[in-house]
Each structure stands twice: as structure tokens, then as C-alpha cells.
Amino acid sequence: MLLAIDVGNTQTVIGVYRGADLVGMWRVATNKRHTADELRIKLTPLFASAGLSFGEVRGSALASVVPQLTQAWERALRDLTGAETLTCTAQAAAEAGLFQADYPSLREIGADRVADAVAAKARYGSPVVVVDFGTATNIEVIDREGRFVGGVIAPGVETSASALFSHATRLSAIELEDPHAAIGKSTEAALQAGIVYGEADRVDGLVRRIFAQLGYEASVVATGGLATCVAEQSATIAHIDPELTLEGLRLMACAARG
């Protein structure tokens, strides 16, 4: 089995693969102060709840955008599984033949963006655009030659909503769901329209600008924790793939093994 972990600023997504089959997947809150010991304690009951054994794990793949947690996760995985951990970077993906980039500095490309690009190209072909709804809304662009050519990084849905709620004392947090009308008949519905529809329209506008710059259109795939909520309101997103980042990690791990 392969253990794949995507460490984001807000959530950490954990997946367990048996071959190409995802047999376990969990989303847990990211705590930037966790030590390797605490990460082991967090991971152990998840495996137990799915009837999985760390003894079956033959390798791990890690994508982390939280530097202070990267080493802690590497140590926790080594202690739990005794198996080698592949830490995702643009350079590692390029050396494995899975990632080509027309980009000035590979070091600037976050591990999650690399994994998304690798998986999107493999699953949907080229050209392809990935919209990853996380702490930030990341848009990755793969051109028709299969090269990563850059993208967009914008405030995420929940990040923007939290900023609004913290600065507007009479507004409180709401469930982010489709209000089914652009004109809200309550404060909650008005907020939902502004946040959910606003994000969908912002993404559509950015994607259309990307198409204009490329000179052609591409398949657009959404991933991330809020992908379903927002993507269903989008006119440009054609696919929703919650497992995309984990799949990129799996593909990298397989390539590294040869």
C-alpha cells in the first residue's frame, strides 16, 4: 500500500492506495504546531477505523505547503511505516519525467500545485486547467504541449468569508451552499450568493482570461474541499475531482519506484 498525504494550510488530506485504488481517505484540520509524535497519534486511529495496517504500507508520498510540518510528517511516516517517503517538489516531478515547466523558478511552485498538475495531465490530457479550492484558490495551467506555464493564486472561499465576518460585526458565519437565487431574501442568502456565486464568477472570469492568453480553450477540472459547492455554479468547470492531489502523489511515487 501507498500512503499519500497533502498538507495544506487549513486541511490535511490523507489517502491510502492499494495499487491504483484509493481504499481510505480523510480530511483533518492542519495544526502547524503538531510534532511527529502528535501526528502519529492522529494517524493511528484513522487506520484502525478503516481496518488498515501500517505494516502493509510500502511507501509514502508527501506534499506539504507548511514548512514547519514537513519534517514532522517525514519523521512520523518513517516511524509508523519504516518505508521510504517521497517528498513532492517540482524538481522531483521533473526528474521523474512527469512535470515539464515553462517557468523561471521551479522552487517557487508549491508541492500541491505540482501534484495537481501531474494528475490533471495524466487524467485529462493537455491542455488542462486545474482550479484547487483551498485556503487559497489556485489555478494551474498546462498548455497543449503538456507544460506547466503558471497560474493564479487568489484568496480562498473560506479565507475571504472569514475576513468578511471578522470585519463586519453584524454578520456571522454561514453554511456555504447554493442559495438558489442571486437576489438574497435574507442576510444568510445574500451572503451565500455573494460568496458562492461570487467565487464561481471570479473563477470563470479568470479562466476566460487564461483561455484568451493561451489562444485556445482547455478542459477545466476542480479539486479541493469546496470544489463541489462552487464548481456546480461555474460555467467553465467541466470536471470535479476531489482526489486529484492525492492521485498526483501516487503517480509520482510510482514513477520514483521505477
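Both faces of strand E1 are covered in the predicted model. On one side, Leu-2, Ala-4 and Asp-6 are all buried, and on the other Leu-3, Ile-5 and Val-7 are buried as well. In a regular strand, side chains point alternately to the two faces of the sheet. Strand E1 spans residues 2-7, and six of its six residues are buried, so that the strand is mostly covered by the criterion of under 20% relative accessible area.

Strand E1 pairs with two other strands. With strand E2 (residues 11-18), the pairing is antiparallel and extends over six bridges. The connection from E1 to E2 is a hairpin of three residues. Within this pairing, Leu-2 has Tyr-17 of E2 as its bridge partner. With strand E4 (residues 59-64), E1 runs parallel, and six bridges join the two. Here Leu-3 stands opposite Ser-60 of E4. E1 is thus joined to E2 in the antiparallel sense and to E4 in the parallel sense.

Lys-121 was examined as a single position in a helix. This residue lies in helix H4, which covers residues 111-124. Its relative accessibility is 27%, and Lys-121 therefore counts as partly exposed, since this class lies between the limits of 20% for buried and 50% for exposed. Leaving aside residues up to four places away in sequence, Lys-121 touches Gln-100, Ser-126, Val-128 and Gly-146. With one of these, Gln-100, the contact is also polar: the side chains of Lys-121 and Gln-100 are joined at 2.7 Å. A separation of 7.4 Å was computed between the C-alpha atoms of Lys-121 and Ile-142, two residues that are 21 positions apart along the chain.

The cysteines were considered last. The structure contains zero disulfides. Cys-254 is in no disulfide, and the nearest cysteine sulfur, which belongs to Cys-88, is 14 Å away. A disulfide requires cysteine sulfur atoms within 2.5 Å, so the 14 Å separation from Cys-88 leaves Cys-254 without a disulfide partner. Cys-254 has a relative accessibility of 35% and so counts as partly exposed. Cys-229, in turn, has a relative accessible area of 18%; this value is under 20%, and Cys-229 is therefore buried.

Note on methods:
Residues are numbered from 1 along each chain as its sequence is written. This is a predicted model: local features need pLDDT of at least 70, side-chain atom pairs count only at pLDDT 80 or more; totals for chains, interfaces and linings use all residues. Side-chain values use heavy atoms; hydrogens and water are left out. Helices (H or I, at least four residues) and strands (E, at least two) are DSSP runs, numbered from the N terminus. Buried means under 20% relative accessible area, exposed over 50%, partly exposed in between (1.4 Å probe, protein chains only). Contact means heavy atoms within 4.5 Å. A polar contact is a pair of N or O atoms within 3.5 Å; within protein, one must be able to donate a hydrogen and the other to accept it, and residues adjacent in sequence count only if both atoms are side-chain atoms. Two strands pair if DSSP finds at least two bridges between them.
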